[in-house]
Amino acid sequence: MNLGNCPRCGKLFAKSFRDICPACIKDIESEYEKCLKFLRKEKTATINEVSEATEVSIKQITKFIKEGRISVADNPNMMYPCEICGVLIYENNMCDSCRNHLTKSFTRATSGESQMQGNQESKDNTKKGGAYGAVDKFRNS
């Protein structure tokens with residue numbers, strides 16, 4: 001039997017196919033039902049309005065959206081915050097601006113790394129005697 005602590009409530013439980021204890025699974029399902037019930041009445045509600053009305057955290061509502069349990073197509077104002085900057089988005093984990101910035105940073109980092117390796121190789125080639133140059137100086141004296 002595999003035991004673990006529930007990341008949500010901290011209680012010890014027997015792990016099965018889920019990493020959350022049965023009590024928290026019931027709580028999450030209850031929160032999901034609250035959200036669905038509210039969204040059936042208020043199809044144009046925002047994520048903040050749903051959170052305030054149901055007392056379900058924005059983080060949990062975002063998980064429901066990412067899991068596909070709450071449809072953004074059926075609820076056009078159900079946007080969730082970008083994980084980097086917090087701008088409201090419909091899909092993925094980050095907005096286009098943050099994704100572009102991350103891509104550019106990654107490209108610069110990888111091209112800078114290859115340039116640094118090229119510079120290191122040229123420095124190594126310009127050294128006289130390489131790593132043992134100091135020893136060779138003493139031998140030649």
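**Secondary structure, core and surface of the predicted chain**

From the N terminus onwards, the elements of the chain follow the order β-β-α-α-α-β-β-α-α. The structure described here is a predicted model. In total, the chain contains five helices and four strands. Of its 141 residues, 23% are buried. Among the contacts with a separation of 6 or more, 26% are made by residues 24 or more positions apart. The accessible surface of the chain amounts to about 10,600 Å², and carbon and sulfur atoms account for 52% of this surface.

The interior was examined next. In soluble globular proteins, nonpolar side chains tend to be buried together. In the present model, the largest nonpolar core comprises 21 residues. Within this core, the residues with the most contacts are C35, V50, I61, F64, I65, I70 and M78. Helices α1, α2 and α3 each supply at least two residues of the core, and the greatest contribution, five residues, comes from α1. The surroundings of C35 were considered individually. When neighbours within four places in sequence are set aside, C35 is in contact with V50, T54, V56, I61, F64 and I70. Of these contact partners, V50 and T54 are buried residues of helix α2.

Helix α2 spans residues 47–54, and its buried positions are I47, V50, S51 and T54. Viewed down the axis of α2, these buried residues fall within an arc of 100° and therefore line one face of the helix. The buried residues of α2 pack against two helices, α1 (22–41) and α3 (58–66), and against strand β3 (80–81). Immediately after α2 comes E55, which has a positive phi, near 60°.

A nonpolar patch was also identified on the surface. This patch is formed by M1, L3 and L12, which together have about 420 Å² of accessible area. One of its members, L12, lies in strand β2, which covers residues 12–14. The relative accessible area of L12 is 60%, and L12 is therefore classed as exposed, the cut-off for this class being over 50%.

In summary, the predicted model combines a largest nonpolar core of 21 residues with a nonpolar surface patch formed by M1, L3 and L12. Helix α2 is among the helices that supply at least two residues each to that core, and the buried residues of α2 pack against α1, α3 and β3.

Conventions:
Residues numbered from 1 in each chain as written. Predicted model: local features only at pLDDT ≥ 70, side-chain atom pairs only at ≥ 80, totals over all residues. Heavy atoms only, no water. Patch = residues over 30% accessible without salt bridge, like charges linked within 9 Å, V, L, I, M, F, W, Y side chains within 5 Å. Areas by Shrake-Rupley, 256 points an atom, 1.4 Å probe, with all protein chains shown as cover. Salt bridge = Lys/Arg side-chain N within 4 Å of Asp/Glu carboxyl O. Buried < 20%, exposed > 50% of the residue type's maximum accessible area, 1.4 Å probe, protein only. Contact = heavy atoms within 4.5 Å. Arc of directions from axis to C-beta. Core = buried A, V, L, I, M, F, W, Y, C linked by side-chain atoms within 4.5 Å.
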